[in-house]
Structure formats: C-alpha cells, structure tokens
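Hi there,

Here is the structure I promised to pass on to you. Have a look at it first, and then read on for what I found.

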Amino acid sequence: MFDKNAAGITDFEMLYYGAGKYISISHEENTYSNTHMIMYSTDLVTWKKGQGASSNLTPVRSIAYGKGRFIICTNVGSHRYSVDGANWVFGDNVDNGQLTHCIFTDRFIAIGKERNIYVSADAVSWEQISVCPFQRLSKIMYTG
C-alpha cells in the first residue's frame with residue numbers, strides 16, 4: 001500500500017494518466033505553500049519525484065498528454081513538458097509565461113492568462129490563433 005509519508009508527500013493536488021504513467025502534482029514534504037512538485041508512478045504505489053524543471057511549481061491548472069508528451073500548465077511561470085513523465089523541461093515563453101489551461105485534441109490547445117488561445121503540435125512551440133472575446137476564459141474542454 002502507498003505510504004505518502006515515506007514518499008515525502010503531504011498531498012496530491014491532481015492525478016493524470018498517459019502512456020502507462022500516472023503524473024501527480026503534490027506539495028513538498030512539510031510545506032503547505034503554493035509550491036508544488038511533479039511526481040510519477042507506474043503502479044500508484046511507488047512514487048518518484050520528477051527531474052529537471054519539476055519542482056517549485058506555482059499552482060498547477062491542468063495536465064494534458066498527447067503525441068508522446070505530457071504538458072503541465074501553471075498559473076504563473078512557464079509551462080513544462082516531458083516525453084517520459086520523469087524528466088521535465090521548460091517550454092517556450094508563451095503569453096508572458098502564463099499558459100493557464102491546456103488540453104490535447106489532435107494538437108495541444110492552451111489558454112494564456114491574457115485570454116489568448118494558442119495551438120502547438122509538440123507542446124514546445126506555440127502559435128496564437130485568437131483572442132477570446134469574453135472577459136474571462138479559464139478552462140477549455142474537448143469531448144471528441
């Protein structure tokens with residue numbers, strides 16, 4: 001059985017599954033701040049901390065998986081992506097580093113903090129396709 005204390009985890013914020021791996025956002029041990037870290041598992045029992053750009057995350061808004069990549073969008077700071085769920089890299093600076101929500105359809109789609117909508121084939125390079133006409137847009141959804 002999973003022992004969160006032995007793993008140094010105080011809480012899981014969200015859980016996502018893709019390519020045989022579970023990705024979770026959790027608080028660092030003994031901290032209850034807005035700083036989070038990326039954890040991954042293949043069995044929901046044994047969890048490991050992500051490497052690279054996987055810690056000091058500000059509140060995470062969404063996780064998506066597609067075309068062999070995970071992407072994490074945060075409230076503040078650059079998004080991160082990973083091809084294996086273990087090693088994370090900062091993505092290109094988009095919308096002043098504030099992609100707040102992302103999904104995958106046949107491509108990645110993300111919302112920027114300034115209501116800009118972006119698309120990407122690889123979760124690295126992004127193209128702005130429109131500005132949302134609404135005062136506030138915080139989430140997007142795809143139903144297939």
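**Aromatic pairs**

Tyr22 has a relative accessibility of 21%, so this residue counts as partly exposed, since buried would mean under 20%. Please keep in mind throughout that this is a predicted model. The ring of Tyr22 pairs with that of Tyr17 in a tilted arrangement, with 4.7 Å from centre to centre and 50 degrees between the planes. Tyr17 is partly exposed too, at a relative accessible area of 47%.

A second tilted pair is made by Tyr65 and Phe70, at 4.6 Å centre to centre and with 55 degrees between the planes. How buried or exposed are the two partners here? Tyr65 comes out at 23% relative accessibility and is therefore partly exposed, whereas Phe70, at 1%, counts as buried. Trwo further points belong here. Ring pairs also bring in Trp88, linking Tyr65, Phe70 and Trp88 into a cluster. In total, the structure holds four aromatic pairs.

**The chain as a whole**

What does the chain consist of, in terms of helices and strands? The protein chain has 13 strands and zero helices, so its run of elements from the N terminus reads β-β-β-β-β-β-β-β-β-β-β-β-β. Of its 144 residues, 44% count as buried. About 7,600 Å² of the protein chain is exposed, and carbon and sulfur atoms supply 48% of that area. If you look at contacts between residues at least 6 apart in sequence, 34% of them join residues at least 24 apart.

**A five-stranded open sheet**

One open sheet has five strands in the order β5-β9-β8-β7-β6, and its pairing is mixed. Its edge strands are β5 (51–52) and β6 (60–66), each of which pairs on one side only. Within this sheet order, β8 (residues 80–82) and β9 (residues 87–90) run antiparallel and are joined by two bridges. Which residue of β9 is the bridge partner of Tyr81? The partner is Val89. As general background, strands of a sheet pair through backbone hydrogen bonds, either parallel or antiparallel.

**The β10–β11 hairpin**

Further along the chain, strand β10 spans residues 99–104 and is mostly covered, with five of its six residues buried. Its antiparallel partner is strand β11 (residues 108–112), and five bridges hold the pairing between the two. The connection from β10 to β11 is a hairpin of three residues. Across the pair, Ile103 stands opposite Ile109 of β11.

His101 is worth a click as well, and its place is in β10. Is His101 buried or exposed? With a relative accessibility of 9%, His101 counts as buried, because the cut-off for buried is under 20%. Now compare sequence and space for His101 and Asn75: they are 26 residues apart in sequence, while their C-alpha atoms are 8.5 Å apart.

That is the tour for now. If you would like to start somewhere, try the cluster of Tyr65, Phe70 and Trp88, and then go on to the hairpin between β10 and β11.

Best wishes

Terms used. Residues are numbered from 1 along each chain as its sequence is written. This is a predicted model: local features need pLDDT of at least 70, side-chain atom pairs count only at pLDDT 80 or more; totals for chains, interfaces and linings use all residues. Side-chain values use heavy atoms; hydrogens and water are left out. Buried means under 20% relative accessible area, exposed over 50%, partly exposed in between (1.4 Å probe, protein chains only). Helices (H or I, at least four residues) and strands (E, at least two) are DSSP runs, numbered from the N terminus. Two strands pair if DSSP finds at least two bridges between them. Contact means heavy atoms within 4.5 Å. Accessible areas come from the Shrake-Rupley method with a 1.4 Å probe; for residues, only the protein chains shown count as cover. Rings of Phe, Tyr and Trp (its six-membered ring) pair if their centres lie within 6.5 Å; planes under 30 degrees apart count as stacked, over 60 as edge-to-face and the rest as tilted.
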